[in-house]
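Me: Please take a close look at the interior of this molecule, and at whatever connects to it. I am new to the structure, so please define each term as it arises.

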Amino acid sequence: MKKRILSILLALCMVLMLVPATVFAEDRCTFEYNFKYGSYQSESGNSDTSPYTCNPPVPDEVMLGTVINCAPYKFVGWKETGSGTVYAPPSTAVANGDMTFEALYEVDGSLAVTVDGFEVGKTPADCTFSFASTIPGVTFSADDIQYIYWEKYVFNEAVKQYQWLRMDETEVFQAGTQYILLLCLDNKGLELAPAVTMNGKTPENCTIATRDGVPIQLQIYCELGTPKVPVYNLDITVDGFVAGNTPKDITLSFASTIPGVTFGKDDIKSLRWSERIDNADWPLIEDTDVFRAGISYNFLIQLDNKGLGTAPAVTINGKTPEYCDISFKDGVPVMLRILCELGTPDVAVNAPFTITVDKGDAAEPGETEFALGLFDGSGNELTFGDTSFTAVITTDGVGSYSGNLAVTATESWLRRMLQEGAFIKQYDGGENGWTYDDTVYGVFLKQSEVASRADGEVVYYLAIYPTYLTEDGERSVDFDAPAEKMTFTNTYTAHDYRLKYNADGHWDECTGCKDKQNEEPHRYGDWKVITAATRTADGAKERVCSVCDYIDRRIIPMTGGTVTQVNGPATGYESRTALWCALLFIGGAGIIGTAHYGKKKSTK
C-alpha cells in the first residue's frame, strides 16, 4: 500500500514539472518614463538616459519618480500619454497595464522687463529697457534685443472704427491712448519661455520662436496700457522772508524738473506783496515796507511761461499756491502766474557773544574755530525742522572775537521753544592744548515794549542770563544778573617745547614752564676720522647725534718713536738707525782687515 501511494506522489510531481513556469508567474506591466533634461531618479532605479523603464506588478500602486539636475529648467510633473492625466510630484499611479509618461518642465526663475520712458510726450525712441533675470545662468541686456514693435489703439478714419495700428518710433505717446509692445530677444539657449513681467504686467503672450525646429527667439507681446503722465515740478524758494526785512531783501531761487525748462531771476516779470490785517482785504505793500511778525503776507509772481501751455505743479517755500495758471494774450500763452499765501514771516532773534582767546603757557595759539549751540534743558540740540542753531567763529591768536548766534524760525516755534527758556553753550572741540569755557547761558524770548513798536507790530528779542549749578546738580538761571552778551574765555595751555642738549643727551623743554619731555641719550652715528694720527702728532675723530646734531669729538693719540737727524742735505726721508749701525760695523771691519793684511805682507 505504501508503495502505491509513493508511486502516485511521484507521478504527480512529474506532471507538475511539465507545467510551464509562467502559469505560476506574477502579472507585471511596463512603465516607460521619457525625459528631455536632467536625470531620472526613483526608488526602483536611476538613469541619465531617456527613456527609463521598469516593470511594476499588476495591480499595484507605483510611486512615480522625479527628474533632477535639469537647470535652467525645473521638473513639474508627468503627463501620461494615453489618458493625458498630469501627475504633479510626488504622485502615485495604479499599474493596470503598460503606461508611458512624458516629463513636464518649466523655466526655473523669471524675467522682469522694465520699459523706462513710456510717458506722455516721449516717443518709442526715448524708451530704454532693463532686465532682471532669476533664471540660473541666464541674463539679458539691451544687446539681446532683436526687434521692437509698437502698436497704438486709435480711431481709424478710413474704416470708422478703433483699431490697433503700427506706431512709428518718432511718434509721441498720447495721454489716454492704449499701447502694445512686441519685444523680441535672443532666447539665450532657452527652449521654453520663462515667466515674464513687463512694467509689472503679465504679457498677453510669451513664447519661444523656432526656425527649422531650432529655438531662436523669445517673443514677448504685452499690452502696456496708457503711458504715465509725468508730474513736472517747479519749486520756488523765497529767502529772506523774515520779520524786519523788506521785499527788497528777498531773493528767489528756482528748481525745475520740467524737461528742457529752467527759470531764473531774469524770468520774473512782476512781483507784488500784500499783507492781511484783521481779516480784511489784502492791501499791497511797498518794496521798502518792513515785514512784521504776526502779519500774514501774500506773494504774487508772474514769470515768463518758457513756452509752457499748461501750468506745472508749483510749491513756494514748500507751500502749494492758492492758484497757478498760464495767462494768454490773443490766444497765445505768455505768462505763468502764481499766487501764494506765505503766511507770517519767520522771526530772527540774536544772542551776541564774545570769545576771548588767552594763553596759558608759552605756545602761541594759531587759527582755531569755536562753535556755540542752542540746547534744551536736557542738553539736546534744539532744531527747527532739520535746522539746528549754531554759531562758528574763527580766531587767530590771543584776543577777543565777537559774533552772534542767530535763531530764525516761525513765530509759533520761537514762542513754544524759547518763552520757557533754552540754553547756549560752547561745543567742546576736543583740540589738544585747549581748555574750553564751559559757561552756560539761559536765553528767553521777550517782546519789546508796546511804546517802542508800530501798531500791530510784534518785536522779539532774546534776554540773556548766566546760569549756575545748584547743590543737587540742577542748572539754575540767575535772573538777577541779566547780560547784554555772552562771554567765553578759552585758554591755550599748550607747551612751547624746544630741543635742548648737553654732553649726556637731549630733551624737549618748554620755554615757559621748563617742563621736560623725551629725555634720552644721544643717538650717534659712526665715527669719522677728521685728522689721522702720526708718530709725531695726535689725530682727531668725531661722531654726530642724529637728533640734535651734538658733536662728540675725540683725540687719536700719535703712534710713538724717535727721530734721528742726519747731517747733510735733507732728503725728505726719516733715518733708519739699525741700517746705519750695520753699515758702520761692516765698514769698520773692512778697515781693520785691510790694515792687518798689509802688516803681514810687509813682515815677509
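Reply:
**The largest nonpolar core**

The largest nonpolar core has 48 residues, and F31, Y33, W78 and W150 touch the most other members. A nonpolar core is a set of buried Ala, Val, Leu, Ile, Met, Phe, Trp, Tyr and Cys residues joined through side-chain atoms within 4.5 Å. Buried stands for under 20% relative accessible area, exposed for over 50%, and partly exposed for the range in between (1.4 Å probe, protein chains only). Strand β10, residues 99–107, gives this core its largest share, five residues. A second core, separate from this one, has 36 residues, including I355, L372, A391 and L445. In soluble globular proteins, nonpolar side chains tend to be buried together.

The model is predicted: local features need pLDDT of at least 70 and side-chain atom pairs count only at pLDDT 80 or more, while totals for chains, interfaces and linings use all residues. Residues are numbered from 1 along each chain as its sequence is written, and side-chain values use heavy atoms, with hydrogens and water left out.

For the setting, the protein has three helices and 43 strands; these are DSSP runs numbered from the N terminus, helices being H or I of at least four residues and strands E of at least two. Of the 604 residues, 33% are buried. Among contacts (heavy atoms within 4.5 Å) between residues at least 6 apart in sequence, 58% join residues at least 24 apart.

Strand β10 also takes part in a salt bridge, that is, a side-chain nitrogen of Lys or Arg within 4 Å of a carboxyl oxygen of Asp or Glu. The count of such bridges comes to 17. In one of them, E106 meets K74 at 3.4 Å, N to O. E106 belongs to strand β10 and K74 to strand β7 (residues 73–80), so that distant parts of the chain, 32 residues apart, are linked. E106 is partly exposed because its relative accessibility is 38%, and K74 is likewise partly exposed, at 34%.

Another pair, K188 and D144, meets at 3.3 Å, N to O. K188 lies in the loop between β15 (178–186) and β16 (195–198), and D144 in the loop between β12 and β13, so this bridge ties together parts 44 residues apart in sequence. K188 counts as partly exposed at 31% relative accessibility, whereas D144 is buried, with a relative accessible area of 12%. Elsewhere, E119, K122 and K228 form one network through salt bridges that share partners.

At the surface, Y153, F155, Y162 and W164 make a nonpolar patch of about 400 Å². Patches consist of residues with over 30% relative accessible area and no salt bridge, like charges being joined within 9 Å and nonpolar side chains (Val, Leu, Ile, Met, Phe, Trp, Tyr) within 5 Å. Strands β13 (145–156) and β14 (161–167) each supply at least two residues of the patch. Y153, placed in strand β13, is partly exposed because its relative accessibility is 36%.

Finally, the whole structure holds zero disulfides, a disulfide being a pair of cysteine sulfur atoms within 2.5 Å. C548 has as its nearest cysteine sulfur that of C545, 3.7 Å away. C548 is buried, with a relative accessible area of 8%, and C340 is buried at 0%.

How values were computed. Accessible areas come from the Shrake-Rupley method with a 1.4 Å probe; for residues, only the protein chains shown count as cover.
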